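Notebook open, structure loaded. I'll start with the whole chain and then go through a few spots one by one.

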Amino acid sequence: MSRLLASYRIAVMLPLVIGVMALLSVVITGGLAYWHAAEEMTEEAKGKLIALREGRAGALTDYLSGIDADLAVVAADETVAEALRRFAAAQADLTGAGADLTKTLQAAYITANPNPPGDKHRLDAAPGGTAYDQVHGDVHPWFRTLQQQRGYYDVFLLDPDGTVIYSVFKENDFATNIVSGRWSDTGLARVFREVVADTGRARVAFQDFAPYAPSNNAPASFIARAVTAGDGTLLGVLAFQMPIGRINGVMQIAAGMGDTGEAYLVGEDALMRSDSRFSEESTILSRTVNTAPVREALTGVSGVMIADDYRGRPVVSAFAPVTVHGARWVVLVEADVAEVLAPVDRMKGFMVMAGLGILVLMAVLGVVVSRGITVPLGGMTQAMGQLAKGDMAVAIPAADRRDEIGDMAQAMAVFKDNALRMEQMKADQEEQRRQAEIERRRALLMMAERFESQVAGVVTSVSGAAEEMESSARALTDIAERTTERSTTVAGVAEQTASNMETVASATEELAASVQEIARQVEQASTVARGAVGEAAHTTEMVQALDHAAGRISEVLGLISDVADQTNLLALNATIEAARAGDAGKGFAVVASEVKALAGQSAKATEEIGQHIGQVQANTQATVTAIDQFTRTVAQIEEISGAVAAAVEQQNAAIGEVSRNTAEAAHGTEDVSRSINDVSAAATESSGAARQVLQAAGELTQRASELQGEVQAFLKRVRES
């Protein structure tokens with residue numbers, strides 16, 4: 001990043017950085033604000049939808065409870081019981097007279113009914129004057145009022161054999177037997193069979209919505225209850241055909257739903273049980289709603305989530321299950337996410353415009369700030385360039401500023417002042433150097449005068465002494481040459497004798513050296529053997545430690561095997577307990593089976609590891625035995641080396657005694673030869689010394705002459721410099 005910033009000038013980078021930082025600030029702040037507002041609006045919508053869901057579910061439950069209450073009250077009313085007795089008697093009169101009950105009653109109350117379809121219930125009694133017509137005329141106004149006031153689609157009375165002896169609306173199921181007739185597989189037939197099968201006569205039978213053929217396959221739901229005499233005898237069955245309009249009225253309340261909100265019911269088959277607010281046609285049993293909220297609610301869970309609805313639109317959906325006599329429905333209250341987040345979207349547009357304005361303002365501010373920095377920096381850069389070229393008269397700009405640029409200008413002024421002081425110091429140093437050179441030359445001349453006066457006399461004295469020493473050296477040389485000639489003969493005989501004795505001594509010393517080398521090698525072999533014994537002992541300890549560790553591993557494996565056995569036993573017990581628990585313990589039985597399998601695998605793995613550890617222990621014992629055998633062998637080698645070393649030591653002592661006697665004899669001969677040689681050497685040395693003194697005296701005379709010439713030349717150069 002620093003390299004990128006250094007690639008551009010500050011006048012460009014500073015406004016750009018300020019603009020980028022402003023943009024990031026606006027984007028981050030706006031994004032966080034949008035996210036927070038969206039979360040708040042979504043949570044608020046969820047809370048509102050949950051409240052609406054609870055209201056709809058409560059209203060539906062109350063309505064269904066009201067139907068149960070109506071059914072119980074009407075079934076217990078003596079008017080209904082008396083109507084069933086009278087209808088049974090009238091039915092017996094018709095069938096006793098040979099009439100076909102179904103054809104006779106449908107002809108009188110459907111075919112010959114002067115009211116149009118859908119209004120057949122307006123006829124109180126057929127004009128035939130039969131006993132059935134009299135009963136129908138007496139009870140029909142009462143049942144019709146019940147149906148209209150309570151909003152039921154239809155009200156049925158069925159005799160104990162399954163014949164629809166009475167209905168308010170008189171559809172094609174009227175006067176038919178729903179047990180043996182064509183409508184035996186309908187919801188009305190099923191609730192009848194459930195009520196008749198209940199010996200206690202207290203059961204309420206319910207059938208969920210399904211297409212009902214007598215009602216032109218319109219969705220129909222039925223609820224029924226037994227009607228009994230005082231002694232419990234079954235007089236017949238009272239059934240209500242559930243009203244679709246009342247359920248729609250509960251679910252389609254528009255208050256608080258907004259433009260896109262709706263509440264509806266869905267059954268276990270994922271089909272609607274109420275009409276959609278946004279459909280002009282009925283959606284009951286025709287619209288499939290297989291959405292995530294429906295699937296979640298059918299598991300018995302209530303909640304709220306964001307998901308796609310049956311139209312494929314993202315909605316906030318509040319859902320809850322509702323149970324109606326064993327049938328599970330789902331109450332859903334939903335609103336489009338777009339409507340929920342509409343205020344947030346409007347806020348987003350405002351924030352975008354505000355962010356653009358802030359960005360433009362920060363860009364202008366960045367340009368102004370950057371020019372306030374880059375202009376004085378440019379002047380300072382130019383001044384620094386002039387200073388670098390040596391122009392010390394250049395003016396330093398921005399020195400009166402109180403910010404960092406002013407500090408930089410003051411630092412440049414200090415740099416300029418230091419450069420001026422350096423120039424002055426250079427001039428002062430040059431003057432000091434010139435004065436020092438004058439003083440040095442004066443000192444050299446005075447030193448040359450003193451040197452000439454002191455050395456000249458010394459050189460003359462040395463020349464004279466050298467000549468006298470040369471004369472004395474010649475006489476000494478003659479005497480030394482005569483002494484050397486006389487000592488040469490005696491020295492030759494002594495040297496021959498000493499040479500013979502030295503040969504014997506040398507041979508003896510070589511023999512002693514050989515024996516000593518043998519002793520040293522034997523001692524080294526013994527040392528190596530002792531080291532091998534020590535290493536073998538250390539190796540034995542390590543292998544024994546390995547054997548001990550293998551034993552400990554065997555103990556741990558035994559413990560693991562015991563744990564595996566205990567785990568296997570616990571898994572078996574868990575399997576037995578899960579089997580006792582029935583369906584509730586199936587999942588736990590699977591886990592117990594897995595645990596048992598893992599315990600078996602652990603036991604098998606432990607057994608295999610134990611076998612390998614046994615092999616390691618066997619190999620370890622074999623290794624310990626081999627190392628012990630190796631240790632004994634090395635110990636024997638050490639003993640043999642010690643014996644050889646002792647014998648060599650004795651031999652070495654004997655040879656040493658011979659060598660010492662021979663050396664003493666050679667030493668005596670050498671003393672004689674040395675004395676003679678000393679005399680001869682002294683004479684030779686005297687002669688050589690005399691010659692050297694003579695030569696040195698000549699060289700000294702020559703060097704004294706050369707020294708005198710060099711001194712004269714040196715003094716001449718000093719005076720000339």
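I began with burial: of the 721 residues in the protein chain, 34% are buried. Worth jotting down early that this is a predicted model. For secondary structure I got 12 helices and 9 strands. Next I pulled the exposed surface, which comes to about 41,100 Å², with carbon and sulfur atoms supplying 58% of it. I also looked at contacts between residues at least 6 apart in sequence, and 62% of those join residues at least 24 apart.

Entry on helix H4. I looked up residues 101–111 and asked which of them are buried. The list is Leu-101, Leu-105, Gln-106, Tyr-109 and Ile-110. These buried residues span an arc of only 100 degrees around the axis, so they sit on the same side of H4. That squares with the general picture: an α-helix has 3.6 residues a turn, so residues three or four places apart point the same way. Lys-103 and Thr-111 are on the other side of H4, and they are exposed. Then I wanted to know what covers the buried residues of H4. The cover includes helix H3 (78–96) and helix H5 (131–150). Last thing here: at the start of H4, Asp-100 has a side-chain oxygen within 3.1 Å of the backbone nitrogen of Thr-102.

Entry on backbone angles. Most residues other than glycine have a negative phi, and I went looking for some that don't. Lys-170 turned up with a positive phi, near 55 degrees. Where does Lys-170 sit? I found Lys-170 in the loop between strand E2 (164–167) and helix H6 (187–197). Its relative accessible area is 4%, so Lys-170 is buried.

Leu-285 was another one, not a glycine either, with a positive phi of about 65 degrees. I traced Leu-285 to the loop between strand E6 (262–266) and helix H8 (292–297). Leu-285 counts as buried because its relative accessibility is 17%, and the cut-off is under 20%.

Entry on Lys-46. I placed this lysine in helix H2, which runs over residues 10–76. Is Lys-46 buried or exposed? Buried, since the relative accessible area of Lys-46 is 17%. I then checked what Lys-46 touches, leaving out residues up to four places away in sequence, and got Val-304, Ile-306 and Val-316.

Technical notes
Residues numbered from 1 in each chain as written. Predicted model: local features only at pLDDT ≥ 70, side-chain atom pairs only at ≥ 80, totals over all residues. Heavy atoms only, no water. Buried < 20%, exposed > 50% of the residue type's maximum accessible area, 1.4 Å probe, protein only. Helix = DSSP H or I, 4+ residues; strand = E, 2+ residues; numbered from the N terminus. Arc of directions from axis to C-beta. Contact = heavy atoms within 4.5 Å. Polar contact = N/O pair within 3.5 Å; in protein donor to acceptor, adjacent residues only side chain to side chain. Areas by Shrake-Rupley, 256 points an atom, 1.4 Å probe, with all protein chains shown as cover.
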